[in-house]
Amino acid sequence: MIFQALVAIPSADSDVVQLRLDHMRTYYELLNMPFEMCYAAEGPCPRKREGRDSLEKTQHMAQISVGESKEPGAFIRTPSAFRSFISRDPNASFPAEPGRYHLYISYACPWASRCLAVLKLKGLEDVISFSVVRSKYEKTKDGDDHKGWVFPASDTEESGAQPDPLYGAKSIRELYELASPNYDARFSVPVLWDKKLKTIVNNESSEIIRMFNSEFNDFAVNAGLDLYPLHLRSEIDEINEWIYEGINNGVYKSGFAKKQGPYDEAVTKLFEALDRCEDILGKKRYLCGSTLTEADIRLFVTLIRFDEVYVVHFKCNKKMVLEYPNLFNYTKDIFQIPGVSSTVNMEHIKGHYYRSHPWINPTGLVPIGPGIDYSSPHDRARFST
Ligand SMILES: N[C@@H](CCC(=O)N[C@@H](CS)C(=O)NCC(=O)O)C(=O)O
């Protein structure tokens, strides 16, 4: 009975049906919820649309739009749902092919920006197309309260943002619903889209950057650049883990906390992790030595937003990055690597955070400063090999 219901997902193509089922299965596994529970007509699935009364559904949609958790006052990030991989193997479900994939991003989002940064560093602009949503969350649909990423109606509506080039969609939500009609969770960016199968390949940035790094080398201008080299993998994995916990997600845990305890804990760990980076970067140019790796890109996207946004908006104001000599110069060093500065749009970054979280900043005013010039000289060449 369960699988009869699944086969009823409308699609022109059986491959597409199978891929969507795989995606949904992975998603519910990530939620630690048996997949079948969510599709059985009478199952006790908390996310099942049918049977959910309209108030509950409206609240659910409003809640997923701000990433709230049910924990007392703490922010908990939900796992990404689409986790397929593009492979250089031509027989894979998602083979690496020029022109086949599209990356949807927001310039505001650090997770999406790290994908764009790797795309640029690898020289994949002519192989994987990308487009940018509007900076501020807006209502995504009539009938519920969800707010999220939307496309502009024209190229001139907001500098840097473009209408959806593939389907003329109004929102990122529409694309999730196109890929998976029963999808009922976060409509996040980045989205790596397959134009051929009309579905989402993957919406988890840590995995997208790995695919860009290794699977498109037959077409990449900078195929020789390896941001995850074999001999550094265990070191990179270890660094990624504490930087994600303490810094990348730490700023969100600080800023989205709704109680003093979770805030205190997150912000303390955040500055401990920043101190640790400052110490490491006093001894070497990049986190793993003289080689730029994905760990640096992952740290950079948080550092570049820190003084302009997180210090004020997320209450991460114990210190600014510019007060850490090594971290500040390191941020400038990475910003100045060819391709990287084009992934940093401070108007979108500030415009998004300060205007999209009214429970943190009810007036939506965007602060004037500090207006740091990341293209000014840095001292990192002192570590050059
Ligand atoms: N794990 C994801 C997280 C992505 C994420 O949280 N993106 C945020 C923007 S910074 C988003 O799109 N939020 C909108 C929403 O959840 O509705 C990744 O790293 O790719």
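Biologist: In this predicted model, which residue in β2 does Leu103 stand opposite?

Modeller: Strands of a sheet pair through backbone hydrogen bonds, in either a parallel or an antiparallel sense. Here, Leu103 faces Phe130 in β2. The two strands concerned, β1 and β2, are joined by four bridges in the parallel sense. Between them the chain passes through α5, and this β-α-β crossover is right-handed.

Biologist: How does helix α5 lie relative to β1 and β2?

Modeller: Helix α5, made of residues 110–121, lies across both strands. With respect to β1, α5 runs at about 135°.

Biologist: In which sense do β1 and β5 pair, parallel or antiparallel?

Modeller: β1 and β5 are antiparallel, with four bridges between them. Within β5, Asp194 is the bridge partner of Tyr101. Asp194 also stands opposite Thr199 in β6. That second pairing, between β5 (residues 191–194) and β6, is antiparallel and has three bridges.

Biologist: What is the order of the strands in the sheet?

Modeller: The order is β2-β1-β5-β6, in an open sheet of four strands with mixed pairing. At the edges are β2 (129–132) and β6 (199–202), each of which pairs on one side only. From one strand to the next, the twist averages 35°.

Biologist: Are the residues of β1 buried or exposed, and which way do they point?

Modeller: Five of the five residues of β1 are buried. Tyr101, Leu103 and Ile105 point one way, while His102 and Tyr104 point the other way.

Biologist: How many residues of helix α6 are buried?

Modeller: Helix α6, residues 172–179, has six buried residues out of eight and is thus described as mostly covered. The buried residues are Ile172, Arg173, Leu175, Tyr176, Glu177 and Ala179.

Biologist: Why does Asn202 count as buried?

Modeller: A residue is called buried when its relative accessible area is under 20%. Asn202 counts as buried because its relative accessibility is 0%. This residue lies in strand β6.

Biologist: Which residues is Asn202 in contact with, leaving aside its neighbours within four places in sequence?

Modeller: Asn202 is in contact with Phe82, Arg83, Ser84, Phe85, Pro190, Val191, Leu192, Glu207, Ile208 and Met211. With Glu207, the side chain of Asn202 forms a polar contact of 3.0 Å to the other side chain. In addition, a polar atom of the Asn202 side chain lies 2.7 Å from the backbone nitrogen of Glu204.

Terms used:
Residues are numbered from 1 along each chain as its sequence is written. This is a predicted model: local features need pLDDT of at least 70, side-chain atom pairs count only at pLDDT 80 or more; totals for chains, interfaces and linings use all residues. Side-chain values use heavy atoms; hydrogens and water are left out. Two strands pair if DSSP finds at least two bridges between them. Axes are lines fitted to C-alpha atoms, for helices over the stretch in contact, and angles run from 0 to 180 degrees between N-to-C directions. Contact means heavy atoms within 4.5 Å. Buried means under 20% relative accessible area, exposed over 50%, partly exposed in between (1.4 Å probe, protein chains only). A crossover is right-handed if, with the strands pointing away from the viewer, the path from the first strand over the helix to the second runs clockwise. A polar contact is a pair of N or O atoms within 3.5 Å; within protein, one must be able to donate a hydrogen and the other to accept it, and residues adjacent in sequence count only if both atoms are side-chain atoms.
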